[in-house]
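Please open the structure in your viewer and keep the sequence at hand, so that each selection can be followed along the chain. The tour goes from one selection to the next and says what is to be found at each stop.

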Amino acid sequence: DRELVPSESYADKRDQNDEGIFSTSFDDDVVTVTLGENVKTISDYMFTGVKMQSLTIPGSVTTIGNDVFNGCDELASITFEPSPTGTELTLGYNTEDEDDGPFLDSPLTKVNLNREIIYSLEKIDLDADDEGIFSGRPLTDGVTLGNQVRTLSPYMFSNSGITSLKIPASVEEIKDFAFYNCESLASVRFEAGSEPLTIGFQPGSNERGPFYQSPLATINLNRELEPSATYKEQLDAWDMGIFTNKHYNDTDLTTTVTLGSNVKTIWPWMLSCVRMQNIEIPASVTTIGKEAFSYCYILDTVTCKGSTPPILGEDVFYKSGELKYIYVPSGSSSAYKSNWNDYNGKIYEK
């Protein structure tokens, strides 16, 4: 419960795994670590090799140095408590070899993140395997994001075993590759928020949407999503839709999609290739972009809740061959048939 500052000579010479303040590289005993509210800095190598199974980082901590958790091969659970002043936490990384995420050696299964993190690994070309904050970690016991989290950084959860995620309204931006290769991510929920959330994608030679590898079975969206500037520039094909995934021919998967009243725009290709049988479009939606529901092979029923038809882009239901019914509010069928004339034979009042 005290701020520790390595001496000048210590800081200059410290470069080995056993030179952190509490390094216990050769100690096999499990250690309990408790940090008090007077701790502001966790210095480089401080816990290298410490056999702790869990750690709570108080909101008073503003800086975590490099190589702090190297060799922490028992660390399965970590909690970042909220800052009492909303101050961001600067987080270092593993500087060994090619530079990796801070928890490279830790079998993290549970993360409780209640802080905005400024990640100090600023390589332009981060890779997916181990360089994101929680890249490659099991995360099988879940990830909880608190209301101080504003940004999901590049590759933050890439190659992890995350199965579900609830994204609070505080999150303002999801960077590129945040969910790259999350092959167990089955449920994503965007909690109600009045401000748009900017979302990135998977750029490169084969651009993909942010959840392309994820077998999403549940999508709950109550937030306006805004593709990032580069995403908008690149957006030109079905596999770049925000929720498009490669499981469009997986007959074992059916996806439930729920759109809330904060959603105003369904972007081009946004839900293309999603294996949903029905979708309800709230009255708040004013625009449905090009091929927004293309290749939705098992889509049978669309229910529109607004009496005013949303502006419809080109080929919205392209290759959605099972579509039979577009239900609209009583008294609005004429308006829908006038504006959605490509689908006149499917429009019914309900």
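A cavity, as the word is used here, is a set of grid points where a 1.4 Å probe fits but cannot get out, and its volume is the space filled by probe spheres set on those points. With that in mind, and remembering that this is a predicted model, begin with the enclosed space: the structure holds one cavity of 30 Å³ or more, and about 40 Å³ of space lies in the largest cavity.

**First stop: the cavity lining**

To find the place, select Ile 64, Gly 65, Asp 67, Val 68, Phe 69 and Asn 70, and then add Leu 91, Gly 92, Tyr 93, Asn 94 and Pro 102, which together line the largest cavity. If you colour this lining by class, you will find six nonpolar, four polar and one charged residues.

**Second stop: a sheet of four strands**

Next, select β1, β3, β5 and β7, which in that order form an open sheet with parallel pairing. The edge strands are β1, residues 41-42, and β7, residues 117-119, each of which pairs on one side only. Looking at β1 together with β3, residues 63-64, you will see a parallel pairing over two bridges, in which Thr 41 stands opposite Thr 63 of β3.

**Third stop: Leu 139**

From β7, move into the loop between β7 and β8 (143-145), and select Leu 139 there. Most residues other than glycine have a negative phi, but the phi of Leu 139 is near 55°, a positive value. Is Leu 139 buried or exposed? Its relative accessibility is 1%, and since buried means under 20%, Leu 139 counts as buried.

**Fourth stop: β12, β13 and β14**

Now select β12 (187-199) and β13 (218-227), which pair in the parallel sense over eight bridges. On its other listed pairing, β13 meets β14, residues 256-259, again in the parallel sense, over four bridges. Asn 220 is a useful residue to centre on, for Arg 189 stands opposite Asn 220 in β13, while the bridge partner of Asn 220 in β14 is Thr 258. Strand β13 is mostly covered, with eight of its 10 residues buried.

Between β12 and β13 runs a loop, and in that loop you can select Ser 214. At 0% relative accessibility, Ser 214 counts as buried. Which residues is Ser 214 in contact with, leaving aside its neighbours within four places in sequence? They are Phe 179, Cys 182, Leu 185, Asn 245 and His 247.

**Fifth stop: a sheet of three strands**

Select β15, β17 and β19, which form an open sheet in that order, with parallel pairing. Because β15 (265-266) and β19 (311-312) stand at the edges, each with a single partner strand, one side of each is left without a neighbour in the sheet. Strand β17, residues 287-288, pairs with β19 in the parallel sense over two bridges, and Thr 287 stands opposite Ile 311 in β19.

**Last stop: Asp 315**

Finally, follow the chain from β19 into the loop that leads to β20 (325-328), where Asp 315 has its place. The phi of Asp 315 is near 50°, a positive value in a residue other than glycine. Asp 315 is partly exposed, with a relative accessible area of 33%.

Notes:
Residues numbered from 1 in each chain as written. Predicted model: local features only at pLDDT ≥ 70, side-chain atom pairs only at ≥ 80, totals over all residues. Heavy atoms only, no water. Pairing = 2+ DSSP bridges. Buried < 20%, exposed > 50% of the residue type's maximum accessible area, 1.4 Å probe, protein only. Contact = heavy atoms within 4.5 Å. 1 Å grid on protein atoms, 1.4 Å probe; cavity = no way out; pocket = protein on both sides within 12 Å on 5 of 7 lines; lining within 4 Å. Nonpolar A, V, L, I, M, F, W, Y, C, P; charged D, E, K, R; others polar.
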